[in-house]
Protein chains: 2
Amino acid sequence: MRAYDIILKKRNGEVLEKEELEYMINGCVNGTIPDYQTAAFLMAVYFKHLTRQETYYLTEIMRYSGDTIDLSQISGITVDKHSTGGVGDKTTLVLGPMVAACGAKVAKLSGRGLGHTGGTIDKLESIPGFKTNIDMTRWIEQVNTIGFAIAGQTANLVPGDKKIYALRDVTATVDEPSLIASSIMSKKLAGGADAFVLDVKVGSGAFMPDVDSAKELAKIMVDIAKKAGKEAVAILTNMDEPLGNKIGNALEVIEAVDTLKGNGPDDFTNLCITLGKYMLKMALSMDLKEAEKRLEESISSGKAYEKFLEFVQAQNGDIDYVVNPTRMLTNDGVYEMKAEQDSYLCKINTQKVGIAANLLGAGRESKDDKIDYSVGFDFLKKPGDLLKKDDKIVKIYYNDEIRLEESISTLKKAIRCGKKENVEKNQLIFDIIG
Amino acid sequence: MRAYDIILKKRNGEVLEKEELEYMINGCVNGTIPDYQTAAFLMAVYFKHLTRQETYYLTEIMRYSGDTIDLSQISGITVDKHSTGGVGDKTTLVLGPMVAACGAKVAKLSGRGLGHTGGTIDKLESIPGFKTNIDMTRWIEQVNTIGFAIAGQTANLVPGDKKIYALRDVTATVDEPSLIASSIMSKKLAGGADAFVLDVKVGSGAFMPDVDSAKELAKIMVDIAKKAGKEAVAILTNMDEPLGNKIGNALEVIEAVDTLKGNGPDDFTNLCITLGKYMLKMALSMDLKEAEKRLEESISSGKAYEKFLEFVQAQNGDIDYVVNPTRMLTNDGVYEMKAEQDSYLCKINTQKVGIAANLLGAGRESKDDKIDYSVGFDFLKKPGDLLKKDDKIVKIYYNDEIRLEESISTLKKAIRCGKKENVEKNQLIFDIIG
């Protein structure tokens, strides 16, 4: 077998055998195939795509390229949730405790943020003492006792995906649905859960800019899960405006706590209920209506909030910061951006908001950047809201005046005000695939 | 500027600026851009192509990536010929002396063979003593005195093309017309001639399998030459059967000598006259009819043959081997392949013949392979010929019995016999672009 022939075959639009994909991916990972051949192969895949079967093979090859996690010591069905990434997406922080409070088991591996979207682990680390580098035994134990645990991804999970992703990232071959789907699903399947809820974001702040391409991605991911003998449902949700009102690590923990107490923004609360009911359906074979009721009760009864406290304590976090979450806001100043005239808030460009948050110091552009947990945005107005001159639109939590200036300049480009008929407001849930 | 953005731009089908192509190619050559980014870029070019203007820029960037040759010390217009490569193509050996005998100046840089097509330098080295590693001063001097000289390509000519070609060769991105054209023309332009006759081969033994794609390549090459302020004409010629009757280094020199003496095969003689008349037209502003007459006279008068002797002597070759060319045939044996029954010779697959010649030892698969000059084929029959049982079709000159067996087995697959209506016989010249 020769890498050249495999590149040529895919370039000509032919379907590859499992052995050919294995030869290519394993050769790339172990260094017997030079990166320039893999790069040419990935660009050929970008143009000629992979069939569902090829995509499944690729997923399995990457899934088994390193360690895999055995969750058989967790009693019952373990359910995992994945989001394709968005701005202001603190869903895991609410969903985990809610679903665990209803009796399901959530064993979650999470990542750090890179680029314009934040990472769950970064958000949790806003709470002093919080640890995610826990070993697998303790992680499984915690899922069995509390029902919910989060660990950072271990070094040797899916090295194949890591290597391929690193190459895609520098060769403009990231945004091909079959490659996105196999990358996500190889990690999920290596993580060992039995069932998956996949939150596929659509819009200006997401991988997938429109509903059609998001639907395609969702279908591919659900197909992979089914081919692997797992359950999965994908939910297409709106990322054309930031999720909830708060963006930034500590601010998002604060909003998560508010939501667990029943005081969260409507859009975010609804998303958590929607994702949660599918998780309960798969984990506990619960009827969707019943699941929704139980999730709402977990909030009104305070059980979801208590579960979050339990979870933070178990992972070494100082729960006093959960009880009094504004303690995390150690920032120097707050700047209030105001409406310049009477108008409507028409649109908030999510990607630009994410970039503006990074300019404040909330995220990282490269792996080794330090995060400033306390900075971020609190939107007091959202698209569709009427603005009177001097109404506060957004509060900016900052530490550095120069960074503040840069962030304001980008944020201004992200917010569009105008006439009522120019308001762009999408529904929260576009579709459910499963 | 970032390589990533340039890859993305081409991947999305956008047109690149000269500065972007410069950044990409120069970065690849000097090592500041990793090969995997160049490989992804080349695959994106394969799918999205280059405009004529981009192709010209790429050619110029590669042309000036190393040394260029100054032919200003040659009096008059120098004309160069390039063939895209074929099997049995000994054209340069006849064309050079013929055209020089008519008064034109031919300063030719030639290459060695690789893969299933032979190289002019290898053929000439069948003549003991023949040297092509002559320095540029002597080369120019020889063109001024004799009218014709051949040098091997110097190390630092078009390093950009060498590097890019090496990457294309292992990433399945060779057969894109804009890349083929810029590769050829960067070398030609760096070689310094004023005018070019481009012999674009079409058919089973050529880069370009059909007339349409060959025409496209021809148009791009002529366009590049014109943009560079040079004259060029491209002639589309048949490579769906081997050119002439003899294939193999010494055998092709023998056939060239026969042709210079007026005893060559019709197809090969006609091709030389056709290419030659366009060379004379460009070099000496000669009318095509007049040029054809002069070329025919150069043969009938013996002047072309004398020019060849002069040329071989000037480049240190032992002319006794030209006078008695069968002395070059130092092979052990000759095997005669015969017709198994009465039939017509319908088709000779050129690429397979080239491969069969390599199996005998006539070519090289990798750079360091040694060539056996004396082996090869002499076709006594060509497509369209009537065969009686036991008629000799081809004589195989060999040195090694095992290699002979392998070669016969491939050659048998190359030759198809059958009914008269199944004869595949194409015209020699498909089109002239200029």
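**Figure 1. The loop between α12 and α13 of chain B holds B:Ser285.** In this predicted model, α12 of chain B covers residues 266-284 and α13 covers 288-300. B:Ser285 sits in the loop between them. Its phi is near 50 degrees, a positive value in a residue other than glycine. Most residues other than glycine have a negative phi. B:Ser285 counts as exposed because its relative accessibility is 66%, and the cut-off for exposed is over 50%.

**Figure 2. A:Ser285 lies in the loop between α12 and α13 of chain A.** The flanking helices are α12 (266-284) and α13 (288-300) of chain A. A:Ser285 has a positive phi, near 50 degrees, and is not a glycine. At 65% relative accessibility, A:Ser285 counts as exposed.

**Figure 3. Helix α16 of chain A, with its buried residues and its two ends.** The helix spans residues 350-360. Its buried residues are A:Thr350, A:Val353, A:Gly354, A:Ala356, A:Ala357, A:Asn358 and A:Leu360. Strands and a helix of chain A help to cover them. Among these elements are β6 (246-247), β8 (343-348), β9 (376-379) and β11 (392-398). Helix α17 (401-414) is also included. At the N-terminal end, A:Asn349 caps α16(A). A side-chain oxygen of A:Asn349 lies 3.1 Å from the backbone nitrogen of A:Gln351. Just after the helix comes A:Gly361, with a positive phi of about 115 degrees.

**Figure 4. Domain 1 of chain A meets domain 2 of chain A.** The domain assignment of chain A gives domain 1 (3-48), domain 2 (78-323) and domain 3 (331-422). Over C-alpha atoms, the centres of domain 1 and domain 2 of chain A are 32 Å apart. Ten residues of domain 1 are in contact with twelve residues of domain 2. The two domains bury about 990 Å² between them, 80% of it on carbon and sulfur atoms. On the side of domain 1, A:Val29, A:Leu42 and A:Tyr46 lose the most area to domain 2. Together these three residues account for 49% of what that side buries.

**Figure 5. A salt bridge joins the side chains of A:Lys163 and A:Asp35.** The N to O distance is 3.1 Å. Between domain 1 and domain 2 of chain A, the count is one salt bridge. One residue pair is in polar contact between these domains, with both residues at pLDDT 80 or more. On the domain 1 side, α2 (18-30) and α3 (35-48) of chain A each give two or more residues. The largest share, seven residues, comes from α3(A). By class, this side has eight nonpolar, one polar and one charged residues.

**Figure 6. The interface of chain A and chain B.** Here 21 residues of chain A are in contact with 22 residues of chain B. The buried area is about 1800 Å², and carbon and sulfur atoms give 72% of it. In chain A, the residues that lose the most area to chain B are A:Arg11, A:Tyr36 and A:Phe47. Together they make up 36% of what that side buries.

**Figure 7. A:Arg11 and B:Asp175 meet in a salt bridge between their side chains.** The N to O distance is 2.7 Å. Two salt bridges are counted between chain A and chain B. Eight residue pairs are in polar contact across the interface, both residues of each at pLDDT 80 or more. Elements of chain A that give two or more residues to this side are α1 (3-11), α3 and α8 (159-171). Helix α3(A) gives the most, with ten residues. The side of chain A that touches chain B divides into 13 nonpolar, three polar and five charged residues.

Conventions
Residues numbered from 1 in each chain as written. Chains lettered and ligands numbered in written order. Predicted model: local features only at pLDDT ≥ 70, side-chain atom pairs only at ≥ 80, totals over all residues. Heavy atoms only, no water. Domains from an automatic or database assignment. Contact = heavy atoms within 4.5 Å. Buried area = accessible area lost by both parts, 1.4 Å probe. Salt bridge = Lys/Arg side-chain N within 4 Å of Asp/Glu carboxyl O. Polar contact = N/O pair within 3.5 Å; in protein donor to acceptor, adjacent residues only side chain to side chain. Helix = DSSP H or I, 4+ residues; strand = E, 2+ residues; numbered from the N terminus. Nonpolar A, V, L, I, M, F, W, Y, C, P; charged D, E, K, R; others polar. Buried < 20%, exposed > 50% of the residue type's maximum accessible area, 1.4 Å probe, protein only.
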